[in-house]
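Let's take a relaxed walk through a protein model. Have a look at the sequence and the 3D view, and then we'll go through some of the details together.

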Amino acid sequence: MKGIHQGVPYRPQITVPAMTVNFPMHDMTIPPGWTTLVHPQGSRYFVNAERRTFTQMNICDEEIYSDIKRFMDYLLRSLHDESEDLELDMAQVDLVIEPKVSTDADKVVCCYYFANHRDRCLFWLDEYSTEDILSECNGVENLSHIRLAIQAQYWKHCDYFPCLCPITQNLVDEVKHMLIYAECDHLTSRHSTAPFDVIEIRDYISIIDKIKVHPPADQSMQRCQAAIVIGRIMYAFSRNHFINSHGENCVRLAFEQTVHPYTPSLLIVVIAPFLFLDPVALVRELHTIFVDNTPSSERWNAFNLNLNGQLQDSTLLATVLLNANVGFLAINSVDAGGRSPAQVASYMSLVSSLGSMILGLLLVSHNRTMGQGTVLQTEVFLSGLGEKERRLERLAIIYSLPKTLLMWGMIFFFAAFSVHWWSPGNQTSRAVVGSVIMVALITISYGIIRAKCGGDRWWRPPVLLLARIGVELSTYLADAGKQVMEFMGMRKAHIVQDSLDTEGIVPALPSILARHSQTITEGNIPVPITSHLTTPPDFQPEISGPDDHERHATLSIPPTRSFQPATSVDSPPQPHDINPALPSSYSHTSPGVLSGVGSLQQIREIQSQPRSTAEVRDEPHATLSGAPGFLCTEEREGVTYTANVVEEPEGLEHPLYSPS
């Protein structure tokens, strides 16, 4: 098929006529008086040199040309009428015109402006709203301040339509001197508000030195590159003067100085303490780049380069922390089965380090893809972060997440290590290491607050509130720890007491021991009394019943050492006193001694009688020794029973339980 050859679309061949030695600049029919020119950047525009009128519309279209001619005649005639009272040189006034079809009504409207080369400004025949050209700076009210914005637009006109812009030696020297001052300002001040950086300024100076100025008669409309170079450099200086309010009362003398102070939102006030105040430092730095929402491309590029280095460092440290958690979980004492608090904390640290690595890689990749972004790219990127006033806060939170996750990962790893170390530690090691930890935490907290917040004051209320909560929480945890330790100590003591009970050791009440001493003393029987015994408050002695008579008669008690009491008191037996038998574990008498006490039947008869009216003092946990705590006194009979301190008995070979 003709038109397709091996999948390639057919293209008609256009032949060049023979002996064609001169090719036209265009194939269009240009109206008389007009010339078409091509901008060095590539765009085409049309100029009427006689009437100094410019347009980018296609005047080869008859309908468009008729509209342009009609509006041009009207505007120039109106300007001539209005300029009779003004000292306006019409030979240095350009008209830029662009007719458009209105969207509200089916009619043609004319967009235009006049450029005055002598005064370096734009002007209009009607009132003009400067909302578009003043959008970069808020609070502009004076005409002297608006003049700077209008002058910047004039240099933009010289960039777009350079063919009739006059280039003089004075203008070249002015641009060169401004560049030299800007370079010196950057070298002598760290807070310079001059545009460009030192390297860019030196490159611009070398370009300006190569410009050659020709007389006005020799200047050609085709050789307009010098006007474009000067127009772009002067536009940057004029825009910088407008943004920094040169000549106004609110002039900005340092690049971080702001006319509209930053007020943090509730979002960053609440989130910043949990992110270790890193967004606070970032948003403060971003506001020095986007001063009053006006971006600086050179500072943004420097910030981007520094941020990439920080993200790479965070990713590397997160990798090291990930390996540390894997090694910690591999310890046998940690991975002992189940899920201990140390394991849970290590798992949380591992997840945090993974999150830091992923976010760091994504942000580094995004910054490298965007490269050394221009101001326009930066504004497009920020436009997706919500409302204009809070974009920088959201950007600061995003950029702080990798470092924040790394910090939380370190905290969780430290918690896992501390839990694993605290459990088997003794009081001395806990006190020493705990003190070092407290000092380190206080130092780190102070460093974070001073380094991240600087001279800001708004962060103090939330940070102080969190500090107060932390102190109260630490106090509560300390009290809870003490209660747990006391509970564990009581539980250990209870376990020891239960083990003693299972061995047949049953403590007796001091009152029972005293009455038993009285009964034995009546029969002149030596009574050994054991010291350092305690009696729990809820102990109830057992009373033998009638059925136990025969069994008690056959009991045998192993012989032990007996001691004579230091003092013995002979007292007649009281008819209502109880004469209980000591438990076998506390009785250190020989089998023969038991006969002097009386039969168990007699003891049972005595026990069945009501108790004496004398009050017997029973103090639990009292020590059976010569201490004042163990003193049993019966005031009515005038007899005092005292247990004296004796030696500890030797261990019994066959302790038997003797019911009381």
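Leaving aside its neighbours within four places in sequence, which residues is Ile146 in contact with? The residues are Thr130, Leu134 and Val140, where contact means heavy atoms within 4.5 Å.

## Before we dig in

This is a predicted model, so local features need pLDDT of at least 70 and side-chain atom pairs count only at pLDDT 80 or more, while totals for chains, interfaces and linings use all residues. Residues are numbered from 1 along each chain as its sequence is written, and side-chain values use heavy atoms, with hydrogens and water left out.

The score called pLDDT is the predictor's confidence in each residue, from 0 to 100. Its mean over the protein is 74, and 65% of the residues reach 70 or more. Over residues 502-660, pLDDT stays under 50. For that stretch the model has 196 contacts beyond four places in sequence. Where pLDDT is low, the predicted coordinates should not be read in detail.

## The overall picture

The protein has 16 helices and twelve strands. These are DSSP runs numbered from the N terminus: helices are H or I with at least four residues, and strands are E with at least two. Of the 660 residues, 36% count as buried. Buried means under 20% relative accessible area, exposed means over 50%, and partly exposed is in between (1.4 Å probe, protein chains only).

About 39,800 Å² of the protein is exposed, and carbon and sulfur atoms supply 59% of that. Accessible areas come from the Shrake-Rupley method with a 1.4 Å probe, and for residues only the protein chains shown count as cover. Take the contacts between residues at least 6 apart in sequence: 70% of them join residues at least 24 apart.

## Back to Ile146

Ile146 sits in helix α2 (residues 143-160). Is Ile146 buried or exposed? Ile146 is buried, with a relative accessible area of 14%. Ser245 is 99 residues away from Ile146 in sequence, yet the two are 9.6 Å apart in space, C-alpha to C-alpha.

## Charged pairs

Side chains of opposite charge can pair when their charged atoms come close. How many salt bridges does a search of the whole structure find? The search turns up twelve, a salt bridge being a side-chain nitrogen of Lys or Arg within 4 Å of a carboxyl oxygen of Asp or Glu. One of them joins Arg120 and Glu174, with the closest N and O atoms 3.0 Å apart. Arg120 lies in the loop between β7 (108-116) and β8 (121-123) and Glu174 in helix α3 (residues 169-188), so this pair ties together parts that are 54 residues apart in sequence. Arg120 is partly exposed at 22% relative accessibility, and Glu174 is partly exposed too, at 28%.

Lys176 and Asp209 also meet in a salt bridge, 2.8 Å from N to O. Lys176 is in helix α3 and Asp209 in helix α4 (residues 198-209), so to speak linking distant parts of the chain, 33 residues apart. Lys100 pairs with Glu98, their closest N and O atoms being 4.0 Å apart. Arg51, Lys69 and Asp73 go further and are linked in a network of salt bridges.

## Cysteines and a nonpolar patch

A disulfide is a covalent bond between the sulfur atoms of two cysteines. How many disulfides does a search of the whole structure find? The search finds zero, with a disulfide defined as a pair of cysteine sulfur atoms within 2.5 Å. For Cys110, the nearest cysteine sulfur is that of Cys111, 6.7 Å away. Cys110 is partly exposed, with a relative accessible area of 22%.

On the surface, Leu266, Val270 and Phe274 make a nonpolar patch of about 320 Å². Patches are made of residues with over 30% relative accessible area and no salt bridge; like charges are joined within 9 Å, and nonpolar side chains (Val, Leu, Ile, Met, Phe, Trp, Tyr) within 5 Å. Val270 belongs to helix α6 (residues 266-271) and is partly exposed, at 45%.

## Two unusual backbone angles

Most residues other than glycine have a negative phi, and most peptide bonds are trans. Arg52, though not a glycine, has a positive phi of about 50°. Arg52 is in the loop between β4 (44-48) and β5 (53-55), and at 15% relative accessibility Arg52 counts as buried.

Leu277 has a positive phi as well, near 60°. Leu277 lies in the loop between α6 and α7 (278-289), and is buried with a relative accessible area of 4%.
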